[in-house]
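Please open the model in your viewer and follow the selections below in the order given. Each stop says what to select and what is to be found there.

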Amino acid sequence: MTTVRQRRVGKGTEAAEDQPSEEKTVKPDGKILSGGKLWNILSITVGGIVAISLGLLTSVYVATLHENDLWFSNIKEVEREISFRTECGLYYSYYKQMIQAASIQQGLHGLVYDNKTESVRTINILERMNVYQEVFLSILYRILPIQQYLEPVYFYIYTLFGLQAVYVIALYVTSWLLSGTWLSGLLAACWYITNRIDTTRVEFTIPLRENWALPFFAVQIAAITYLLRNHLQPVQERLTLMAVFIATFLFSLTWQFNQFMMLIQALALFILDCFDMLSTAKVTWLYIIQLSGLLLVCALQFFNAMILGSLLISFNASVLIARTIQKNLKKGSLLNRLGKLILHVLLVLCLTFLINKCIKKILNLESDEHIFKFLKAKFGFGATRDFDANLYLCEEAFGLLPLNTFSRLSDTLLFYIYIFVLFFMTVAAVVVAFRNLSGSNQVQFTEKMEECTITLKPDVAYNLIHTVLFGCLALSTMRMKYLWTSHMCVFASFGLCSTEVWKLILKCIHLYTSQRTHVIKYSIPIITLLYISYKFWPGIMDELSELREFYDPDTVELMNWIKSNTPNTAVFAGSMQLLAGVKLCTGRTLTNHPHYEDKNLRERTKQIYQIYAKRSPEDVYRILRSFGTDYVILEDSICYERRHSRGCRLRDLLDIANGHIMDGLGENEPDLKPSLYPRFCEEIKKNLPSYTLHFTRVFQNKTFHVYRLAKHK
């Protein structure tokens, strides 16, 4: 297994309070001096410099952590490649393949007609996977005159670390736009850095798709925040829409889960539009941008059926259709509007599922069925014995968000402040939504609320619903927490630096004055920044000074043996995670891999994994040979797994799927039966004749056992 060990010695106005009117001094001769305008320019310049500086510092910070953790500059090429674990190694292998190709054209041909990723099958990598970023980066590396100065792997990882600068700047700008002061952006960026464990994992999962996509998602949110501001000029609006489209397109192109994230975003827009909190025209444009961006990606991915069958396309189309059927939704009394609203929601939902069902029926689409099986089992709609669904359910990353996450976020005061801001903003949103639905007839209610002057700007309303919905997603699925925690930094810092938030609070407790509001909105964020600096700066310095090195001799030995002792055309079977490394380090053909968004691959993986089930040697041999397997790699860490509890070990999932009783003490479902055969991965090591007839051990170390399959006629 890959481990890390201690290194041995020796080797605007600050965006001007929502753009207040400029301070102008009138001279006796009638000339106007605009001191406020000069101050705006100075403040925006300083804020911009701070944003860029923080973004670059974050990039250097995560790059340094990566170097210190692995001693990346000193280890061998094979060790660098092994450090790209599981699916990260698979994605990086296509970048390496494009770099090593004789020409760009041959490299692209190799991806479109790939027969090494899945044995006995030719697949289109550009259709199946989101690897256009690897293609673009490899072409860029080939055409730029940097080959003699920078190794391909460094060009790759520095690009990803550079995107972290874009990410932090986008978060900074979003917070600045919401609050009207760049102090808010500074606080958001500091929280992002000090909560790094919960806001990013880029330093140890560099090629992961989310590390490419989330910076573009943050840019899209910043552009939407600006778009939703009132009183934009037509030119500003058109340019912002273009920025939203480009960011949406790049986000969709770089991550296979884009459709699910944008579906949540579309739901946020739908909710706000229903309660009349956003401009219907702008919401319509955002729906169209989502659709067009996703369809463009679909075309680039050779009309990937999973994209066409996505719920996002069905939902957005349904909303646009429902609007043409139901008109005058925003007119009438409270009860009248509530009735229309309920009918509208039901109509949109029915149309969504109808359109989605029809598309999947026409395309015969089953690629995403494992996701819905997983969701069904996760939320308690019946137990399942489905191997794929259980594989997800048993992974910690797809479980509930651990409670210690909140403890870490509270140490930096982020969680406390976030909850404080969320509470007041939610109350404001409920009041405004009720007022909008009630209409102008509810004079008494409006007068009662006048004391607190509760308002909610469209950009704030969007970010509120965004953080609530993505918070729900993160709470239910730990892997998605990075979408929430980064936006949590934005939302909490906005609330702490917002004139509107403090004005609302102070008016409701009858303590409001303009001066008091300004003192609070600047003093509390500054105190918070000082606290964060005092408490976490020493820890960050210690972290940067801690030196470790990559250490995984067993995997290195395995990869070197494969390269030296097997033909280039050899086909390898084994676990998905290990085979991704085999492809990257050796270029050998695989039977299966970690990119799980294909029904045939999922079936194939389940069959290959019978090497860890209770099956006869004849059955296992027949299965492996049906996929053209020449060598099979068995891992003790899977065969004798202790990481998961009983019922969640890979061998248990296979036993349940095969209808067999699980190993060890504990209950079994009544219809499970004992297997007629012992566990294959254990029994093969005894070298019994029934096994040696089909399998010959050719390599072993403390972790891995490699067997060559006999080629019977």
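Helices here are DSSP runs of H or I with at least four residues, numbered from the N terminus. With that in mind, and remembering that this is a predicted model, begin with the two cavities that share helices in their linings.

Select helix H7 (152–179) and helix H10 (209–227), and add helix H23 (481–497), since each of these supplies at least two residues of the lining of the largest cavity. The volume of this cavity is about 70 Å³, and H10 gives the most to its lining, with four residues. To display the whole lining, pick Tyr167, Leu171, Leu214, Phe217, Ala218, Ile221, His466, Leu483, Ser486 and His487; by class these comprise seven nonpolar, three polar and no charged residues.

Keep H7 and H10 selected, because each of them also supplies at least two residues of the lining of the second largest cavity, helices being the DSSP runs described above. About 50 Å³ is the volume of this second largest cavity, and the largest share of its lining, four residues, again comes from H10. Its lining residues are Gln164, Tyr167, Thr199, Thr200, Arg201, Glu210, Asn211, Leu214, Pro215 and Tyr482, and they divide into four nonpolar, four polar and two charged residues.

Next, select leucine 56, which is found in helix H1 (residues 35–70), together with alanine 165. Although these positions lie 109 residues apart along the chain, their C-alpha atoms are separated by 5.3 Å. Is leucine 56 buried or exposed? Its relative accessibility is 51%, and exposed means over 50%, so leucine 56 counts as exposed.

Then colour the chain by its domain assignment, which gives domain 1 (36–159), domain 2 (160–363 + 400–535) and domain 3 (553–709). The centres of domain 2 and domain 3, taken over C-alpha atoms, are 44 Å apart.

Move on to helix H16 (334–363). Its 30 residues should span 44 Å at 1.5 Å a residue, and because its end C-alpha atoms are 43 Å apart, the model agrees with that expectation. The residues to highlight as buried in H16 are Arg337, Leu341, His344, Val348, Leu351, Thr352, Asn356 and Lys360. An α-helix has 3.6 residues a turn, so residues three or four places apart point the same way. Among the elements that cover the buried residues of H16 are H12, H15, H17 and helix H20 (414–438). Just after H16, asparagine 364 takes a positive phi of about 55°.

With H16 still shown, add helix H12 (258–274), helix H15 (311–325), helix H17 (369–378) and helix H22 (458–476), for each of these five helices supplies at least two residues of the lining of the second largest pocket. That pocket has a volume of about 780 Å³, and 26 residues line it, of which Phe260, Leu263, Ile264, Leu375 and Leu473 are the closest to its centre. By class, its lining holds 21 nonpolar, four polar and one charged residues.

For the last stop, select asparagine 390 in helix H18 (residues 387–393). With a relative accessible area of 12%, and buried meaning under 20%, asparagine 390 is therefore buried. Leaving aside residues up to four places away in sequence, asparagine 390 touches Thr384, Arg385 and Leu653.

How values were computed: Residues numbered from 1 in each chain as written. Predicted model: local features only at pLDDT ≥ 70, side-chain atom pairs only at ≥ 80, totals over all residues. Heavy atoms only, no water. Domains from an automatic or database assignment. 1 Å grid on protein atoms, 1.4 Å probe; cavity = no way out; pocket = protein on both sides within 12 Å on 5 of 7 lines; lining within 4 Å. Points joined across faces, edges and corners; volume = space filled by probe spheres on them. Nonpolar A, V, L, I, M, F, W, Y, C, P; charged D, E, K, R; others polar. Buried < 20%, exposed > 50% of the residue type's maximum accessible area, 1.4 Å probe, protein only. Contact = heavy atoms within 4.5 Å. Expected span 1.5 Å × (residues − 1).
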